[in-house]
Amino acid sequence: MIDRELKLYKLKDFRSIKSFFEANEKIFTAAIDLQGDFLEEIKSDPDKYYIDITQWVENLNVHRDLIHNMQGLLNLLPEEVAFLCEDKLADLALDVFRHNFSSSADLDIQIPEEASQTPTQEDVNVVKKLVDLKNEELSDFLEHINKNLIGHKKFKEELAVRLKSFKLFHKLGEQKVFSIFLMGESGIGKTEVGRLMHKALGSQKSLCKISFGNYSSKDSLNSLIGSPRGYMGSETGELPMKIERSDIGIILIDEFEKADNPVFNFFLDLLEEGKFTDSQSNVYDLDGYLIIFTSNLSPENYKKRLSPELRSRFDYVCQFQLLTDKEKKDYMYKRIEVTIKKFEEKLNVTISKEDKAILYSIDYSSLNNLRKINRAIKEKFAEISRAYIS
Ligand SMILES: Nc1ncnc2c1ncn2[C@@H]1O[C@H](COP(=O)(O)OP(=O)(O)O)[C@@H](O)[C@H]1O
Ligand SMILES: [Mg+2]
């Protein structure tokens, strides 16, 4: 048997250790990845490899039957390969793998000062936040929303008041983030609020938008903030990744009702603290951020689906009503106008009065979801366009 020492590290150093190894051309990998060709690679250059067995140890109860294989696997690897484990699990690791390791010691690498500091999104880019806007800028911002979001008068009025008070309380150090919960039927402008704000802030990058409609219910927290070390799949979660890529302090959580309980609990903490920690122990401070949640829930189901604790964390809850006939008409006319203009410019034609009349006479009265109005306009355009394309 090889006389090995198990090297121990502290969880808080995990990211620094990882970057230290990367900088020194070492390969730091989870024991779970040990298989097939990889074993051969390790054997050809064993000095290079640092293998983290933490995940194995953490999951021993699930993988009892595999312990014997793991023990055998460790013995297959050359003496030069180093093995690491999180210090908290040292006793358990040394017990289970007592035939593999004769002792343990702290990992002795010099973590460079800057690498040991957790990078935040501010290091990567400057984030434009609503709380930093001057009064005139905030007015312009609100003006853009008022003009482009059709209907929802009450929301627009309240938004103006609430944002101004958020700015104030943030300045006083009383409020870190501002959260809005929008609910209502499909296709009436809930997600559009996030899109419009993104545009109004003049973002050059993409909006940080998480759609729970796209998540499979299993493991959604892992997809959101990354999977723990050694798990298959992405280490970096969608939320930290999108926050880092975005240049504004707005997060849109779309179709929130489709998330599951671990995710609800995650947001409960996030809204309480104004920050969160991802699976790699990076802390993301959301100071000054606006977080918009949208949902198709009815007010009754809102109460059924979300716990009172979670509901009480939202700073502003607003129920979006169906648009009135007049508002739907405004929307439809605006869409038709824009489309006619595009059509005429692109094809260098003029749409006749009769055809315009056909377009404007689309019956929107039964269409409450504006996506359906959009579709009806497209279909009508396809119909009349034939005459113009030769
Ligand atoms: N109130 C509104 N003002 C302007 N556009 C709207 C409004 N409601 C819906 N739309 C348009 O309809 C589409 C669907 O709206 P969206 O906000 O995504 O719906 P949902 O309420 O389901 O989130 C958007 O692309 C947007 O162009
Ligand atoms: Mg939506």
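This text walks through a predicted model of one chain with a ligand, from the overall layout to single residues.

The secondary structure of the chain amounts to 18 helices and 12 strands. With a radius of gyration of 28 Å, well over the 21 Å that the globule rule gives for 390 residues, the chain is more spread out than a compact globule. The C-alpha trace spans about 90 × 60 × 40 Å along its principal axes. Of the 390 residues in the chain, 27% are buried. Among contacts with a separation of 6 or more, 80% are between residues 24 or more positions apart.

The chain is divided into domain 1 (4-108), domain 2 (121-319) and domain 3 (325-388). Between the centres of domain 1 and domain 3, taken over C-alpha atoms, there are 64 Å.

Domain 1 covers residues 4-108, and three strands can be followed through that range. Strand S2 (residues 27-30) pairs with S3 in the parallel sense, over 4 bridges. Within this pairing, Phe28 has Tyr50 in S3 as its bridge partner. On to the next pairing: S3 and strand S4 (residues 82-86) are also joined in the parallel sense, over 3 bridges. Here the bridge partner of Asp52 is Leu84 in S4.

Are the faces of strand S3 covered or open? Both faces of S3 (residues 49-52) are covered. Tyr49 and Ile51 lie on one side, Tyr50 and Asp52 lie on the other, and all four are buried. Tyr50 and Asp52 thus appear twice in this account, Tyr50 as the partner of Phe28 and Asp52 as the partner of Leu84.

The loop between helix H1 (14-23) and S2 holds Asn24. Asn24 has 10 other C-beta atoms within 10 Å and is therefore exposed, the limit for that class being 12 or fewer. Its C-alpha atom is 9.3 Å from that of Lys48, although Asn24 and Lys48 are 24 residues apart in sequence.

Domain 2 spans 121-319, and strand S7 (residues 208-211) shows a second pattern of burial. In a regular strand the side chains alternate between the two faces of the sheet. Along S7, Cys208 and Ile210 point to one face and are buried, while Lys209 and Ser211 point to the other and are not. S7 runs parallel to strand S8 (residues 250-254), and 4 bridges join the two. Opposite Ile210 in S8 stands Ile253.

Further along, Ser281 is found in the loop between strand S9 (275-277) and strand S10 (283-285). Most residues other than glycine have a negative phi. Ser281 has a positive phi, near 70 degrees. Because Ser281 has 14 C-beta neighbours inside 10 Å, it counts as partly exposed.

Asp315 lies in the loop between helix H15 (308-313) and strand S12 (316-319). Which residues does Asp315 touch, not counting residues up to four places away in sequence? They are Phe178, Ser179 and Ile180. Val177 belongs to the same part of the picture: the C-alpha atoms of Asp315 and Val177 are separated by 9.0 Å, with their positions 138 residues apart along the chain. Asp315 has 17 other C-beta atoms within 10 Å and so is partly exposed.

In domain 3 (325-388), Asn348 sits in the loop between helix H16 (325-347) and helix H17 (353-360). Its phi is positive, near 55 degrees, in a residue other than glycine. With 7 C-beta neighbours inside 10 Å, Asn348 counts as exposed.

The ligand comes last. Of the 15 residues around ligand 1, those that come nearest are Ile150, Gly189, Lys190, Thr191 and Glu192. By class, the shell is made up of 5 nonpolar, 7 polar and 3 charged residues. Which helices each supply at least two residues of this shell? They are helix H10 (190-200) and helix H18 (370-385). H10 gives the largest share, 3 residues. Domain 2 (121-319) and domain 3 (325-388) each contribute at least three residues to the shell around ligand 1.

Definitions and conventions:
Residues numbered from 1 in each chain as written. Chains lettered and ligands numbered in written order. Near = placed C-beta within 6 Å. Nonpolar A, V, L, I, M, F, W, Y, C, P; charged D, E, K, R; others polar. Domains from an automatic or database assignment. Rg over C-alpha atoms; globule rule 2.2 N^0.38 Å. Buried ≥ 20, exposed ≤ 12 C-beta atoms within 10 Å, placed from the backbone. Contact = placed C-beta atoms within 7 Å. Pairing = 2+ DSSP bridges.
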